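Let's take a walk through this structure together. Keep the 3D view open and turn it as you read.

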Amino acid sequence: MATASIVDNAPGSPIHATVNRPNMVQVGTIVWLASELMFFAGLFAMYFTIRAVLPDVWAENTELLNIPFSTANTINLVLSSVWCQMGVFAAERFQPAAKGPWWTPWTREHGLKNWGMREWYVLTYIAGALFVAGQVYEYAKLISEGLTLSSSGYGSVFYMTTGFHGLHVTGGLIAFLLIIARSYMARRFGHAEATSAIVTSYYWHFVDVVWIGLFLVIYVLK
Amino acid sequence: MKVETRLFVYLGLLYIPVGTVYGFMTKWNEPLGFLALYLTGGMSLMIGAYLAYTAKHIDARPEDDPLGEIHQGAGEYGVFAPYSWWPMPLGLAAACVFAGLAAGWWLFIIGVPLAAVALIGWVFEYYRGEFAH
């Protein structure tokens, strides 16, 4: 693995002077996520514009939404962010895998530090996959009730906004798989592995926050 | 990192009142502008807050020192591939996938496995073979 070489004996600098710099991958991820925010801003703008033009279509179609189900799905997604953050804490202490038994996050010996990044990320993955499955179920239900992408302006914006969010969640799931696989492939779980785990968590938290916004707008505000 | 942080935070703090003024001037009847301005503020604040958070957790950089010298910036910058072919097949496969959305699903179906191979090849390039770590 090539790293920019460390110049220990540069004139005038103390020996072993490595400047503690901002992590380029992390800053770059945040800047990219900021641009993703504008992507979703476009979707929100589309939603509000069409809603302002077709208020009666909204009144008619929002009744189809299953609020208790989507609330449960939302709570699941928010909790997955908590699991993800627990995985980040494990990655930050460079612990790829469980110290003790894999089936419990807590043991008497290790406390809540039993699970490594891998176990927490697997749990996050399962929660995220359940969320997407819930979305698919919800879509199937709504389509059977006549709400489709082309049925009305409401159908279009509903599937566009939640669908693009669902694609983002799916992308995050693929990223989690790659990160989990890396924890198996790496001989030593080091900074590079921890960094990729942390930026994946940034993405996951971002997608989660976007969903909270979408949930409030689509299911609560209507 | 004060300059970078302030740049983004000030921009964020500018857009939010501008969005409010816009809302009042359109009597909140125009649903797009104020929302876009608020979220632009959110975008700037997001970067600004992250830079402020980062600045707290690292040493002052040579760039922040008016009397800093170039050589003080020496050291580890991160992990970089010396060279890699993988982005090219991934780019071609992604082009195939997105062209498939427009031209026909058969192209999409060809593109997806190619993209999977290229993505996995790229992600695990330094986890196997000569440079495995």
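Start with Arg21(A) and Glu63(B), whose side chains form a salt bridge with the closest N and O atoms 3.6 Å apart. Keep in mind that this is a predicted model. The pair crosses between chains: Arg21(A) sits in the segment before α1 of chain A, while Glu63(B) lies in the loop between α2 (33-57) and α3 (87-103) of chain B. Side chains of opposite charge can pair when their charged atoms come close.

Are these two partners buried or exposed? Arg21(A) has a relative accessible area of 16%, so it counts as buried, the cut-off being under 20%. Glu63(B), in contrast, is partly exposed, with a relative accessible area of 48%.

Now stay with Glu63(B) and look at Arg61(B). These two side chains also meet in a salt bridge, at 3.9 Å from N to O. Arg61(B) has another partner in Asp64(B), and there the N to O distance is 3.0 Å. Arg61(B) is buried, at 9% relative accessibility, whereas Asp64(B) is partly exposed, with a relative accessible area of 32%.

Put those pairs together and you get a network: Arg21(A), Glu4(B), Arg61(B), Glu63(B) and Asp64(B) are linked by salt bridges. Over all chains, the count comes to four salt bridges. How many salt bridges are there between chain A and chain B? The count is one, and you've already met a bridge that crosses over, the one joining Glu63(B) to Arg21(A).

Next, zoom out to the whole interface. Chain A brings 43 residues to the contact and chain B brings 40 residues. Between them, the two chains bury about 3,800 Å², and 72% of that is on carbon and sulfur atoms. There are polar links here too: five residue pairs are in polar contact across the interface, with both residues at pLDDT 80 or more.

Which helices of chain A supply at least two residues each to the side that touches chain B? They are α1 (24-53), α5 (153-185) and α6 (191-221). The biggest giver is α1(A), with 15 residues. If you sort that side of chain A by class, you find 30 nonpolar, eight polar and five charged residues.

Time to look at each chain by itself, beginning with chain A. It has six helices and zero strands, so to speak an α-α-α-α-α-α run from the N terminus on. The radius of gyration of chain A is 22 Å, well over the 17 Å that the globule rule gives for 222 residues, so chain A is more spread out than a compact globule. Along the principal axes, the C-alpha atoms of chain A fill a box of roughly 70 × 45 × 25 Å. Of the 222 residues in chain A, 48% count as buried. And if you take the contacts in chain A with a separation of 6 or more, 71% of them are between residues 24 or more positions apart.

For a close-up inside chain A, find Ser80(A) in helix α3 (residues 67-92). Ser80(A) is at 0% relative accessibility, so it counts as buried. Its side chain reaches the backbone oxygen of Leu77(A) at 2.7 Å. What does Ser80(A) touch, once residues up to four places away in sequence are left out? The answer is Thr124(A), Ala127(A) and Trp204(A).

Chain B comes next. Its elements run α-α-α-α from the N terminus on, which gives four helices and zero strands. Why does chain B count as more spread out than a compact globule? Its radius of gyration is 23 Å, and that is well over the 14 Å that the globule rule gives for 133 residues. The C-alpha trace of chain B spans about 55 × 50 × 20 Å along its principal axes. Buried residues make up 30% of the 133 residues in chain B. Of the contacts in chain B with a separation of 6 or more, 57% come from residues 24 or more positions apart.

To finish, turn back to where you began. Glu63(B) reaches across to Arg21(A) in a salt bridge, and both belong to the network that also takes in Glu4(B), Arg61(B) and Asp64(B).

Definitions and conventions. Residues are numbered from 1 along each chain as its sequence is written. Chains are lettered from A and ligands numbered from 1 in the order in which they are written. Side-chain values use heavy atoms; hydrogens and water are left out. Contact means heavy atoms within 4.5 Å. Buried area is the accessible area (1.4 Å probe) that two parts lose on being put together, summed over both. A polar contact is a pair of N or O atoms within 3.5 Å; within protein, one must be able to donate a hydrogen and the other to accept it, and residues adjacent in sequence count only if both atoms are side-chain atoms. Ala, Val, Leu, Ile, Met, Phe, Trp, Tyr, Cys and Pro count as nonpolar, Asp, Glu, Lys and Arg as charged, and the others, Gly among them, as polar. The radius of gyration is taken over C-alpha atoms; the globule rule is 2.2 Å times the number of residues to the power 0.38. Buried means under 20% relative accessible area, exposed over 50%, partly exposed in between (1.4 Å probe, protein chains only).
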